[in-house]
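Me: I should like a close look at one part of this protein, explained in connected prose for someone in the first year of study. Please consider the structure shown here.

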Amino acid sequence: MTRLNNDTLHHLTSDIAVPAYDRDSVTPGIVHIGVGGFHRAHQAMYLDTLMNRGEALDWGIIGVGLMPGDVRMRDALAAQDHLYTLMVKHPDGQYDARVIGSLIDYLYAPEAPDVVIEAMSDPAIRIVSLTVTEGGYNVDHVTGEYDLTTPEVRQDLATPEVPRTTFGLVVAALKRRRERGIAPFTVMSCDNIEGNGDVARKMFTAHARALDSELGNWVETDVCFPNAMVDRITPVTTPGDIAALATRFGVEDQWPVVCEPFTQWVLEDRFPEGRPPYERVDVQMVDDVVPYELMKLRLLNASHQALTYFGYLAGYRYAHEVCQDPLFVDFLLAYMNREATPTLAPVPGVDLAAYKHTLIERFANPEIKDTLARLCAESSDRIPKWLLPVIREQLERGGEIQRSAAVVASWARYAEGVDEQGQPIEIVDRLKERLMAVAGNHRDHPAAFIEQHALFGDLAKEARFRDAYLQALASLHADGARATLHALVEGRMS
């Protein structure tokens with residue numbers, strides 16, 4: 001067994017790829033906030049691929065963590081010289097492994113915020129990238145504006161010299177660069193939000209403007225925020241994954257990453273201070289990300305929500321189990337074909353029919369073992385961004401909404417905290433207490449869930465949506481998830 005670090009790379013077996021470049025020659029060019037599994041399986045992997053070709057060695061990544069759980073990530077990576085293993089799981093049981101070396105440092109912001117600010121103020125840093133989750137942008141779901149009332153934001157605005165939020169840290173660094181006459185870095189969002197770059201611009205500008213109107217105006221006009229679409233299924237690393245890496249490849253890695261073979265990145269080419277030559281490693285550099293972004297959010301991400309609550313209630317615990325069930329596949333394809341696809345514009349170079357079937361194949365990969373619990377988490381940040389836009393557009397065009405409304409009903413039923421076998425459900429959501437309290441009142445007030453204005457706006461007043469939601473919720477209570485899906489697939493709900 002070989003413990004992973006710089007000194008042991010040459011001891012690894014030949015069936016695991018290792019960096020072909022001298023890591024000592026890599027210098028920082030990117031600061032990345034939110035170093036989770038997805039970033040390490042996606043953006044860091046693309047950069048490592050470039051470095052293996054002898055390119056982009058001045059674009060090394062400095063990772064930044066803000067959450068209490070990030071201390072463990074910092075310590076695990078530091079013990080391995082910031083190396084980690086990426087293990088790709090193929091549906092036929094084949095595993096491929098490679099060591100990624102593009103991450104060269106990791107900073108834990110709560111312990112030393114000024115160190116993080118100073119790192120981002122370095123002229124060598126030309127990109128600050130983000131994977132801070134769908135809920136990490138502090139957006140009011142109803143108004144779409146930056147929420148200035150949260151305790152964390154209020155504290156950052158009161159003490160901007162010791163910020164604790166992503167917004168406070170990034171704005172402080174931009175302010176420092178401006179004062180020093182250094183061009184601003186590009187802020188590159190890689191989160192699953194429609195118009196993620198546009199949203200980031202709006203939120204960071206609002207935070208800056210709350211501190212100093214002139215600074216806010218400068219952020220809005222002088223800082224670039226390209227939009228991006230990112231895609232790779234990356235489940236949570238389990239003890240079994242760590243053991244499988246050790247057994248199959250003889251590597252002792254404290255925190256490897258596992259993922260599917262598929263990967264995609266579509267990125268607006270707006271980087272005034274330069275960027276790595278991403279196009280050489282199959283990143284699609286485009287003028288307009290929107291068609292690709294909506295395709296992914298409304299077909300892949302929303303479909304994950306369509307399968308996860310129904311699947312969990314019916315007794316499944318993994319995405320691949322659900323997508324090997326013909327009933328669920330029929331439902332997912334009907335949602336994609338009849339409700340999501342009509343809201344999409346043509347996507348250059350993409351066969352949508354083939355794309356949708358590829359999604360089912362990806363979801364059904366038995367080696368990934370993506371848990372429904374992971375996909376059910378933080379629904380209050382996901383459903384409003386991925387599924388509700390489909391409902392609203394279909395209502396406007398007079399299109400079908402029965403399946404989308406049923407997905408919302410399945411979320412509401414899931415939020416009751418007990419599955420159809422009477423087993424407790426551990427709800428993971430920032431609004432857990434409110435959601436469970438409202439869902440617990442379904443018998444007396446079945447529309448209470450969708451009447452939460454902060455999540456649904458005025459959708460509860462839309463008669464077609466309200467009726468479809470109530471019909472699906474009643475069916476879930478009376479007949480269960482499978483019977484409800486049968487009725488939807490057979491067209492017995494309208």
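How far apart do the C-alpha centres of domain 1 and domain 2 lie? Please then look closely at domain 1 and at what surrounds it.

Reply: The model is a predicted one, and in it the C-alpha centres of domain 1 and domain 2 are 29 Å apart. The domain assignment places domain 1 at residues 2-287 and domain 2 at residues 290-490. Where the two domains touch, domain 1 contributes 31 residues and domain 2 contributes 31 residues.

The UniProt record may be set beside this assignment. An unreviewed entry there carries the annotation "domain: Mannitol dehydrogenase N-terminal" for residues 29-278. In the model, that span is 37% helix and 20% strand, and the C-alpha atoms at its ends lie 14 Å apart. For residues 288-475, UniProt lists "domain: Mannitol dehydrogenase C-terminal", again from an unreviewed entry. This second span is 62% helix and 0% strand, with 42 Å between its end C-alpha atoms.

We may now turn to the sheets. One is an open sheet of four strands, arranged in the order 2-6-5-12 with mixed pairing. Its edges are formed by strand 2 (16-17) and strand 12 (257-259), each of which pairs on one side only. Further in, strand 5 (residues 84-89) and strand 6 (residues 95-100) run antiparallel and are joined by six bridges. Within this pair, M87 faces A97 of strand 6. Helix 2 (residues 43-52) packs on this sheet and touches both strand 5 and strand 6. The direction of helix 2 makes about 75° with that of strand 6.

Another open sheet has three strands in the order 10-13-14, and here too the pairing is mixed. Strand 10 (228-231) and strand 14 (284-286) are the edge strands; each has a single partner strand, so one side of each has no neighbour in the sheet. From one strand to the next, the twist averages 15°. Strand 10 runs antiparallel to strand 13 (residues 264-268), and four bridges join them. In this pairing, A228 is placed opposite L267 of strand 13. Helix 10 (residues 290-314) packs on the sheet and touches strand 10, strand 13 and strand 14. Its direction makes about 40° with that of strand 10.

Finally, there is a contact between two helices. Helix 6 (residues 166-180) packs against helix 8 (residues 213-222) at an angle of about 95°, and their axes are 11 Å apart. Because angles of 65 to 115 degrees count as roughly perpendicular, helix 6 is described as roughly perpendicular to helix 8. On the side of helix 6, the residues that meet helix 8 are V171, L174, K175 and R178. Helix 8 brings E214, L215, W218 and V219 to this contact. Taken by character, the contact residues comprise five nonpolar and three charged, with no polar ones.

How values were computed
Residues are numbered from 1 along each chain as its sequence is written. This is a predicted model: local features need pLDDT of at least 70, side-chain atom pairs count only at pLDDT 80 or more; totals for chains, interfaces and linings use all residues. Side-chain values use heavy atoms; hydrogens and water are left out. Axes are lines fitted to C-alpha atoms, for helices over the stretch in contact, and angles run from 0 to 180 degrees between N-to-C directions. Angles under 35 degrees count as roughly parallel, over 145 as roughly antiparallel, 65 to 115 as roughly perpendicular and the rest as oblique. Contact means heavy atoms within 4.5 Å. Ala, Val, Leu, Ile, Met, Phe, Trp, Tyr, Cys and Pro count as nonpolar, Asp, Glu, Lys and Arg as charged, and the others, Gly among them, as polar. UniProt positions are given in the numbering used here, feature names are shortened, and annotations may be inferred rather than shown by experiment. Two strands pair if DSSP finds at least two bridges between them. Domain bounds come from an automatic or database domain assignment.
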